[in-house]
Amino acid sequence: MVRFLRRHSLDKSNSHTHLRKEEEESNSCIESDTAEMQEPGGNGGGGAPPLPNGRTAPRSRLARDGPPSDLDVMKERFAKLLLGEDMSGTGKGVPSALALSNAITNLAASVFGEHRKLEPMAPDTKERWKKEVGWLLSVTDHIVEFVPTRQTAENGTTMEIMSTAQRRDLQMNIPALRKLDAMLIGYMDNFVDQTEFWYEKGGDNKRDDDKWWMPTVKVPAEGLSDVTRKWLQYQKECVNQVLKAAMAINAQVLVEMEIPEIYIESLPKKGKTSLGDAIYRSITDEEFDPIEFLEGVDLSTEHKVLDLKNRIEASTIIWKRKMQTKDAKSSWGSIISFEKREQFEERAETILHLLKLQFPGAPQSQLDISKIQYNRDVGYALLESYSRVLESLAYSVISRIEDVLGADAAATNLTASEAARRQLEMNAPRKLDAREELEKLNEAPASMTLYDFMGWHFDQDELMRKKEEGTLDEAGEAMLLKKAPSLAPKKFSYVDSLAGGVRSPSARH
């Protein structure tokens with residue numbers, strides 16, 4: 001057909017006989033092409049129809065043979081990000097920060113959502129997670145801020161100039177989160193070739209508890225061996241340290257996020273209205289004990305825990321707003337003294353801290369959801385979502401380990417007191433005591449680096465020991481002399497955010 005059009009356009013002096021011959025040739029070409037498309041091995045099943053000019057339309061990635069290539073997957077991922085998840089392209093998509101946050105959340109759900117057993121991840125699934133989360137986190141390499149640097153000119157004069165560097169919170173937290181990610185996957189890999197516990201298959205899975213969708217764990221009739229039991233407790237403690245670190249980073253990022261105005265406008269003007277009479281009287285009482293307060297509140301269900309958390313967070317924001325407002329005639333004005341408001345706000349913050357310790361797997365509060373939804377800082381969005389999915393994965397692994405230990409306790413017919421005694425005998429990690437944790441909170445320094453939080457300073461103790469023994473090499477000597485920088489981010493209260501408005505990148509730290 002193409003040949004006919006070209007020759008007809010170039011040779012207009014041909015006779016009608018010549019023209020008829022060309023038409024016959026073109027018809028035979030079309031018939032042969034149609035027959036080829038209808039053949040089993042041809043392109044008729046997955047190909048694209050020819051265009052009027054004879055060219056073939058490009059096929060969709062879904063119609064191509066074989067799995068999609070990495071380039072195709074990357075194109076699809078970043079197309080969704082650029083479109084803001086609005087595939088119609090009409091500009092009604094979500095902001096870039098929320099699109100990236102949703103992308104990491106959805107990726108984690110597709111990778112870890114069906115991982116319900118204590119076993120290593122499949123190699124292809126593990127590779128997919130590392131690859132695709134690396135694509136999304138590559139955005140942080142281009143989020144920079146201006147930092148002062150010294151430059152020496154050719155004539156020897158030194159001048160101070162402003163140069164760009166990766167934003168400091170990303171420079172500190174992204175490598176730490178990647179380390180936690182690798183540690184979690186490593187802990188999951190440790191459960192390879194386990195023979196002392198297994199899971200029921202298919203229709204044999206019958207659980208009547210609140211985790212009915214999870215596979216049922218089976219252990220030998222005599223229970224686990226002491227070695228396996230202690231090893232499981234050790235793995236649980238290791239994963240728990242990762243959980244604490246991920247929670248600390250996530251909580252810090254959420255504190256840094258600005259509170260949306262739409263959330264503030266939805267709050268009542270009085271903290272008493274948000275808390276209710278009973279809770280308000282308990283918090284404002286002269287003799288206040290946060291431990292006794294939590295013991296007297298009904299926290300039997302997840303919904304009640306979340307409701308209490310929402311009420312207390314709303315009251316803290318109301319009280320902070322009242323402390324910031326000096327006009328008594330304003331709707332946010334207050335007749336209670338500044339000192340009393342500050343005392344009430346500190347008590348509420350203490351209750352929130354104890355709730356997070358006691359219920360680490362509780363859903364996100366209304367305030368956290370509003371911050372994530374209306375956040376416009378891409379760096380904060382990536383840090384929050386990445387730390388949140390790691391926190392969720394760590395909590396899931398701990399739950400799976402507890403299922404195995406629970407099956408072991410049931411197999412050996414242990415009572416609750418006997419199980420607790422066995423745990424103490426094995427030097428297992430004890431349950432967090434609220435009063436003790438509160439004392440630690442009051443005695444804790446104002447700032448703490450992530451290295452201190454995770455216990456990474458133990459490497460320096462090991463180097464000191466080798467130095468005393470005389471076995472320290474030159475590389476270890478250099479590491480010992482090098483002082484670790486303080487990487488603790490500066491905290492900003494809600495009052496500071498109201499007074500200062502939107503902070504510049506350099507003012508964040």
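**Salt bridges and nonpolar cores in the predicted model**

Glutamate 76 is partly exposed, with a relative accessible area of 26%, and in this predicted model its side chain forms a salt bridge with lysine 80, the closest N and O atoms being 3.8 Å apart. Lysine 80 is likewise partly exposed, at a relative accessible area of 35%, and the two residues lie four places apart in helix H3, a separation of about one helical turn. A salt bridge also links aspartate 307 and arginine 311, with an N to O distance of 3.0 Å; these residues are four apart in helix H12 (residues 302-324), again about one helical turn, and they are partly exposed, with relative accessibilities of 33% for aspartate 307 and 30% for arginine 311. In helix H15, glutamate 384 and arginine 388 are also four residues apart and form a salt bridge at 2.8 Å, N to O, but both of these residues are buried. Salt bridges with shared partners additionally connect Arg77, Arg128 and Glu132 in one network, and the whole structure contains 19 salt bridges.

The largest nonpolar core comprises 56 residues, and Leu118, Trp129, Leu180, Phe197, Leu232, Tyr386 and Val404 have the most contacts inside it. Among the elements that give two or more residues to this core are helices H4 (96-112), H5 (123-137) and H15 (378-411), with H15 giving the most, 14 residues. Tyrosine 386 touches residues including Ile104, Trp129, Val133 and Leu137. In H5, the buried residues include Trp129, Glu132 and Val133, and the buried residues of this helix pack against H3, H4, H6 and H15.

Note on methods:
Residues are numbered from 1 along each chain as its sequence is written. This is a predicted model: local features need pLDDT of at least 70, side-chain atom pairs count only at pLDDT 80 or more; totals for chains, interfaces and linings use all residues. Side-chain values use heavy atoms; hydrogens and water are left out. A nonpolar core is a set of buried Ala, Val, Leu, Ile, Met, Phe, Trp, Tyr and Cys residues joined through side-chain atoms within 4.5 Å. Buried means under 20% relative accessible area, exposed over 50%, partly exposed in between (1.4 Å probe, protein chains only). Contact means heavy atoms within 4.5 Å. A salt bridge is a side-chain nitrogen of Lys or Arg within 4 Å of a carboxyl oxygen of Asp or Glu.
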